[in-house]
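Q: Please take a close look at the salt bridges in this structure. I'd like to hear how the partners are placed, and then what the surroundings look like.

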Amino acid sequence: MTALLLAATAGCELLPKEPVPTRGFWLRYEKPVAADRDEARFLKQWILADMIVGGLNDYVDLPHLVTVVVRSCHGEGSGYAPQARRIDFCYDDLGKRRELFSRAESPLHDEDLADLVNEMLYHEVGHALIDALHLPAGGDRAEGDAADRFAQLMLNGSKVGAEALLIAARAYDLSAAFDPTSDLTTAEHAPPAARAESHRCAVYGASPTRHKALATPSRTDCAATWTHTRDTWTHDLAPLLRHS
């Protein structure tokens, strides 16, 4: 058997593993538990994390390495660990989003789930960039709000991106509806209903004429709010931006 294996591999050069970089975002997938196999297959087939990480490395030049680990989290939830400079992105978070929409009798299409993945991952990247830039976030809640605004910055420049923010807003609405305790202010994030409104305000503020259906008296200032979000994050990112 050994001889056959040697003969079969003779002349076949094994490709070396790609070395771990010393800076920038680096993506790694871990083997999912059995319950997460469908979600893992979805992420691999749609290469969502791969595209985001590649785009980020073309956009910013991080002074250190941030590892993005896609894995089974057993309900812990996605998050950024500043001490380890590591983003954990959870297969099981996708299952939770599917369950939310199923409970509302509005099953998620794969395209909508992809939009949710983009919003969730950009949010965690926002935390990593706040850490890298040593921004004075003003506490956990304020940092969570700023990370949401980074997701808005990255997604709100196109029709497809705006749709991603709106489907994410819908997910936050459902979270608030099915779990009343989630409307309580937490240490890390605003209540889901507030996060939903922040995304809708950003979408409407960026293009009021395209999103007339979102117009309400309470959103009168959304154009100014969006301009502030865009300009603040663009200014803060300036030290890291790559220049062509």
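A: Let's start with R41, keeping in mind that this is a predicted model. R41 is partly exposed, with a relative accessible area of 43%. Its side chain meets that of D38 in a salt bridge, at 2.9 Å from N to O. D38 reaches 55% relative accessibility, and because the cut-off for exposed is over 50%, D38 counts as exposed. Both residues belong to helix α2 (residues 37-46), where a spacing of three residues puts about one helical turn between D38 and R41. The general idea behind such contacts is that side chains of opposite charge can pair when their charged atoms come close.

A related arrangement appears in helix α6. There, D145 and R141 are four residues apart, about one turn of the helix, and their side chains form a salt bridge with an N to O distance of 3.6 Å. That distance counts because the limit for a salt bridge is 4 Å. Both partners are partly exposed: D145 has a relative accessible area of 22%, and R141 has 30%.

The next pair brings two helices together. D173 and R200 meet through their side chains in a salt bridge, at 2.4 Å from N to O. This pair links distant parts of the chain, with D173 in helix α7 and R200 in helix α8, 27 residues apart. Their exposure falls into two classes: D173 is partly exposed at 24% relative accessible area, while R200, at 17%, is buried. R200 is classed this way because buried means under 20%.

Salt bridges can also join up. R71, E76, R86 and D88 are linked in a network of them, and by the rule used here the count of salt bridges comes to 15.

That network is a good way into the sheet. The sheet is open and has four strands in the order β1-β2-β4-β3, with mixed pairing. Its edge strands are β1 (24-29) and β3, each pairing on one side only. Neighbouring strands are turned against each other by 20 degrees on average, with direction ignored. In general terms, strands of a sheet pair through backbone hydrogen bonds, either parallel or antiparallel.

Going across the sheet, β1 and strand β2 (residues 65-71) pair in the parallel sense over six bridges, and G24 stands opposite L65 in β2. Strands β2 and β4 are also parallel, with five bridges between them. Here we return to R71, a member of the salt-bridge network, which stands opposite C90 in β4. Strand β4 (residues 86-90) is mostly covered, with four of its five residues buried.

The step from β4 to β3 is antiparallel, over three bridges. Another member of the network, R86, is the bridge partner of A81. Strands β3 and β4 form a hairpin with four residues between them, and R85 in the turn has a positive phi of about 50 degrees.

Charged residues also feature in the largest pocket, which has a volume of about 1000 Å³. Of the 38 residues in its lining, S78, R97, E124, H189 and R195 are the closest to the centre. The elements that give two or more residues to this lining are β3 (79-81), α4 (91-103), α5 (110-132), α6 (140-155), α7 (159-178) and α8 (192-206). Helix α5 provides the largest share, eight residues. By class, the lining has 15 nonpolar, 10 polar and 13 charged residues.

To set all this in the whole chain, there are nine helices and four strands. Read along the sequence, they follow the pattern α-β-α-α-β-β-β-α-α-α-α-α-α. Of the 244 residues, 42% are buried. Toward the end of that pattern, T227 lies in helix α9 (residues 222-237) and counts as partly exposed at 30% relative accessibility. T227 is 22 residues from G205 in sequence, and the two are 7.9 Å apart in space, C-alpha to C-alpha.

Key. Residues numbered from 1 in each chain as written. Predicted model: local features only at pLDDT ≥ 70, side-chain atom pairs only at ≥ 80, totals over all residues. Heavy atoms only, no water. 1 Å grid on protein atoms, 1.4 Å probe; cavity = no way out; pocket = protein on both sides within 12 Å on 5 of 7 lines; lining within 4 Å. Points joined across faces, edges and corners; volume = space filled by probe spheres on them. Nonpolar A, V, L, I, M, F, W, Y, C, P; charged D, E, K, R; others polar. Buried < 20%, exposed > 50% of the residue type's maximum accessible area, 1.4 Å probe, protein only. Pairing = 2+ DSSP bridges. Axes fitted to C-alpha atoms, helices over the stretch in contact; angles between N-to-C directions.
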